[in-house]
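The following paragraphs accompany a protein chain and are intended to be read with the coordinates open. They proceed from the overall form to the interior and then to individual backbone features.

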Amino acid sequence: SKRRRMGQNFLVDEGVAHRIVDLLANDPPRVVEVGPGRGALTEPLLVRFDRVCAVELDEPLVAPLEERFESRGLEVVPADALSVDLEELAGGERWQLASNLPYSVGTAILRRRMPRHELFSRLVVMLQHEVARRVVAEPGGGTHGLMALERAAWAEARLAFTVHPRAFRPAPKVTSAVVVLDLRPPAADPGDIKRALGLAGRALTRPRKMLPNAIGKGATAELIEKAGLDPKSRPGELFLEDWLRLATVLDPD
């Protein structure tokens with residue numbers, strides 16, 4: 001069913017909902033909620049903020065949300081968070097975002113918003129715990145890969161707290177975690193970031209190899225040293241700025 005595809009595990013724990021809302025900043029005083037479901041997070045959002053805009057794909061959930069919250073200023077946008085026009089949604093203002101993201105599309109929704117610091121300032125999102133760990137990972141840890149490098153390009157992030165399956169109906173089979181991302185202007189030119197991430201993505205498919213073998217394509221020890229790196233390093237140990245320097249030296253075009 002569509003509901004299954006959307007992976008909707010509705011949040012039912014009010015305590016968790018309040019903790020998510022508490023992680024938002026005071027400014028900007030506007031919040032986009034992705035996938036409000038039955039409104040567990042919408043309720044405390046409207047207590048704290050005058051303007052909440054909920055993006056809901058599941059048609060049968062739209063009317064109940066409107067009936068319950070319209071008098072309190074909730075705007076419901078019946079749309080898919082993966083394809084909704086973000087400029088139109090933002091309407092020339094900056095917003096925060098809060099969401100219990102559907103597992104199947106959580107990272108895709110996050111990826112689409114992270115580069116948009118001019119539209120969103122802070123994102124407070126619930127993800128599968130293992131995905132959350134990959135988002136906030138730092139170099140050298142086992143979970144450090146492409147997702148963490150991509151996040152480093154666009155945001156500071158921290159894992160705020162974990163959430164037991166009991167907080168949802170139906171209860172998922174996995175633990176969840178809430179991540180706070182503060183978006184900022186990119187660490188480098190977006191074209192350079194794309195090249196660096198392309199290079200990293202290739203090398204990270206061979207995480208146990210040393211850099212020359214992991215990268216291949218003419219990445220000699222000499223060139224790696226020229227980028228100021230140790231050729232004996234493994235791909236998972238490198239920071240985004242290392243990949244940016246490597247991409248410049250190796251010019252993978």
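**From overall form to local geometry**

Twelve helices, given here as 12, and nine strands make up the secondary structure of the chain. The model is a predicted one. Its C-alpha atoms occupy a box of roughly 65 × 40 × 30 Å when the principal axes are used as the frame. The radius of gyration is 20 Å, and this agrees with a compact globule, because 253 residues would then give a value near 18 Å. Of the 253 residues, 49% are buried. Among contacts with a separation of 6 or more, 67% join residues 24 or more positions apart.

The surface and the charges may be considered next. The accessible surface of the chain amounts to about 11900 Å², and carbon and sulfur atoms contribute 50% of that area. There are 36 positive and 35 negative side chains, with a distance of 7 Å between the centres of the two sets.

Turning to the interior, the largest nonpolar core contains 56 residues, and the members that touch the most others are Leu-181, Trp-243 and Leu-246. Another core lies apart from it and has 28 residues, including Ala-17, Val-31, Ala-54 and Val-180. Once residues up to four places away in sequence are set aside, Leu-246 touches Leu-199, Ile-215, Ile-224, Ala-227, Leu-229, Leu-238 and Asp-251.

Both Trp-243 and Leu-246 appear among the buried residues of helix 12, together with Leu-240, Asp-242, Leu-244, Ala-247 and Leu-250. The cover over these buried residues includes helix 8, helix 9, helix 10 (211–215) and helix 11 (221–226). Helix 12 is followed by Asp-251, which has a positive phi near 40 degrees.

Helix 8 (residues 146–154) is itself mostly covered, with seven of its nine residues buried. These buried residues are Met-147, Ala-148, Leu-149, Glu-150, Arg-151, Ala-153 and Trp-154. Their cover includes helix 6 (106–113), helix 7 (129–136), helix 9 (190–203) and helix 12 (240–250), as well as strand 7 (155–163) and strand 9 (176–183).

Val-47 offers a contrasting case to examine. Is this residue, Val-47, buried or exposed? Val-47 is exposed, because its relative accessible area of 61% is over the 50% cut-off. Val-47 belongs to helix 3 (residues 42–48). Although 25 residues separate Val-47 from Arg-72 in sequence, their C-alpha atoms are 9.0 Å apart in space.

Some backbone features remain to be described. Most peptide bonds are trans, and most residues other than glycine have a negative phi. Against that background, a cis peptide bond links Asp-27 to Pro-28, with omega about -5 degrees. Pro-28 is situated in the loop between helix 2 (14–22) and strand 2 (30–34). A cis peptide bond also runs from Arg-169 to Pro-170, where omega is near -15 degrees. The loop that holds Pro-170 lies between strand 8 (168–169) and strand 9.

Lys-217 is not a glycine, yet its phi is positive, at about 45 degrees. The residue is found in the loop between helix 10 and helix 11. Lys-217 counts as exposed, because its relative accessible area is 70%, which is over the 50% cut-off.

Key: Residues are numbered from 1 along each chain as its sequence is written. This is a predicted model: local features need pLDDT of at least 70, side-chain atom pairs count only at pLDDT 80 or more; totals for chains, interfaces and linings use all residues. Side-chain values use heavy atoms; hydrogens and water are left out. A nonpolar core is a set of buried Ala, Val, Leu, Ile, Met, Phe, Trp, Tyr and Cys residues joined through side-chain atoms within 4.5 Å. Buried means under 20% relative accessible area, exposed over 50%, partly exposed in between (1.4 Å probe, protein chains only). Contact means heavy atoms within 4.5 Å. Helices (H or I, at least four residues) and strands (E, at least two) are DSSP runs, numbered from the N terminus. The radius of gyration is taken over C-alpha atoms; the globule rule is 2.2 Å times the number of residues to the power 0.38. Accessible areas come from the Shrake-Rupley method with a 1.4 Å probe; for residues, only the protein chains shown count as cover. Lys and Arg count as positive and Asp and Glu as negative; His and the chain ends are not counted. The place of a charge is taken as NZ of Lys, CZ of Arg, CG of Asp or CD of Glu.
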